[in-house]
Amino acid sequence: MKLHVDRLTDTPSEHAFTLTPSWWRERADTAPPREGLAGDVQVELRAHRMGGDLFLDGELRGELDLECGRCLARYRQPIRERFRLLLEPAGDRVPADPEGAAALARDGLYLSDELETGWYRGSEIDLGGFFQEGIALLFPVQPLCRETCQGLCPSCGADRNVEACACGEVSPSSPFAALRGLRNQMTGGDER
Ligand SMILES: [Zn+2]
Ligand SMILES: [Zn+2]
């Protein structure tokens, strides 16, 4: 994911990157393992120099591979996200946070929290960390295969999107059902 920044001029140039599912799995050790990329994510990027600063913008397109939080079905969700990034020369500056300092030393790139500005250093920068963080933000907090997903029955496990089960509204495993069962036993004992 290298970009030779020393070759950039004030005329924008086009660059393309391909982010593969295995690339994501290797890097995103913090992401839930059940989530990933359903296929390659294509990145189109334009870059040019403005004095000492670099301006990058572009778009990434692909599909996420997700697991529904209600019915556990796997499903794909298209992503299409524009981005822009303004980088200024780091010069002698060192980021205050150790992770940022390490990224600047390793990738030649230090990003602000909003992922829209940052510092660069050296003749080439590695955009892998930038792409990774950008994609991580696109994963839904509560993945749902569809808004109306009925989920799985908590007692028999049937997929309620596919079949109606006979469990009814009160699940036998609920505390109320257990109490009712206990009461039946006790009244049965009184009658004897
Ligand atoms: Zn679902
Ligand atoms: Zn059921």
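This section describes two zinc sites, one pocket and the aromatic pairs of a predicted model.

The zinc ion (ligand 1) has four protein donors, the SG atoms of Cys-68, Cys-71, Cys-145 and Cys-149, at 2.3 to 2.4 Å from the ion. The angles subtended by these donor atoms run from 107 to 112°, and the arrangement is therefore tetrahedral. Along the sequence, the donor residues follow the spacing C-x2-C-x73-C-x3-C. Two of these cysteines were examined for accessibility. Cys-68 has a relative accessible area of 1% and is buried; Cys-71, with a relative accessible area of 9%, is also buried.

The zinc ion (ligand 2) is bound through the SG atoms of Cys-153, Cys-156, Cys-165 and Cys-167, which lie 2.3 Å from the ion. Here the four donor atoms subtend angles of 105 to 111°, so this arrangement is tetrahedral. The spacing of the donor residues in sequence is C-x2-C-x8-C-x1-C. Cys-153 is buried at 4% relative accessibility, whereas Cys-156 is partly exposed at 43%.

The second largest pocket has a volume of about 200 Å³. Its lining includes Leu-60, Arg-82, Phe-83, Glu-114, Phe-130 and Leu-138. Strand β6 (74-89) and helix α3 (128-136) each contribute at least two lining residues. The largest share, four residues, comes from β6. Sorted by class, the lining consists of six nonpolar, one polar and five charged residues.

Seven aromatic pairs were found in a search of the whole structure. In one of them, the ring centres of Phe-17 and Phe-131 are 5.4 Å apart and the planes meet at 55°, so the pair is tilted. Phe-17 belongs to strand β2 (residues 13-19) and Phe-131 to helix α3, so this pair ties together parts 114 residues apart in sequence. Both rings belong to buried residues: the relative accessible area is 10% for Phe-17 and 1% for Phe-131. Trp-24 and Phe-139 form a stacked aromatic pair, with 5.4 Å from centre to centre and 25° between the planes. Trp-24 lies in helix α1 (residues 21-27) and Phe-139 in the loop between α3 and α4 (175-191); the pair therefore ties together parts that are 115 residues apart in sequence. Trp-24 is buried, with a relative accessible area of 2%, and Phe-139 is buried at 11%.

Ring pairs also link Phe-17, Phe-83, Phe-130 and Phe-131 into a cluster. Of these residues, Phe-83 and Phe-130 are among those that line the second largest pocket.

How values were computed. Residues are numbered from 1 along each chain as its sequence is written. Chains are lettered from A and ligands numbered from 1 in the order in which they are written. This is a predicted model: local features need pLDDT of at least 70, side-chain atom pairs count only at pLDDT 80 or more; totals for chains, interfaces and linings use all residues. Side-chain values use heavy atoms; hydrogens and water are left out. Donors are N, O and S atoms within 2.8 Å of the metal (3.2 Å for Na, K and Ca); water is not among the atoms, so sites may look incomplete. Four donors count as tetrahedral if all angles lie between 85 and 135 degrees; four count as square planar and six as octahedral if opposite donors are over 155 degrees apart and all others between 65 and 115; anything else is irregular. Buried means under 20% relative accessible area, exposed over 50%, partly exposed in between (1.4 Å probe, protein chains only). On a 1 Å grid over the protein atoms alone, a cavity is a set of points where a 1.4 Å probe fits but cannot get out, and a pocket is an open set with protein on both sides within 12 Å along at least five of seven lines; lining residues have an atom within 4 Å of a point. Grid points are joined across faces, edges and corners, and a volume is the space filled by probe spheres set on the points. Ala, Val, Leu, Ile, Met, Phe, Trp, Tyr, Cys and Pro count as nonpolar, Asp, Glu, Lys and Arg as charged, and the others, Gly among them, as polar. Rings of Phe, Tyr and Trp (its six-membered ring) pair if their centres lie within 6.5 Å; planes under 30 degrees apart count as stacked, over 60 as edge-to-face and the rest as tilted.
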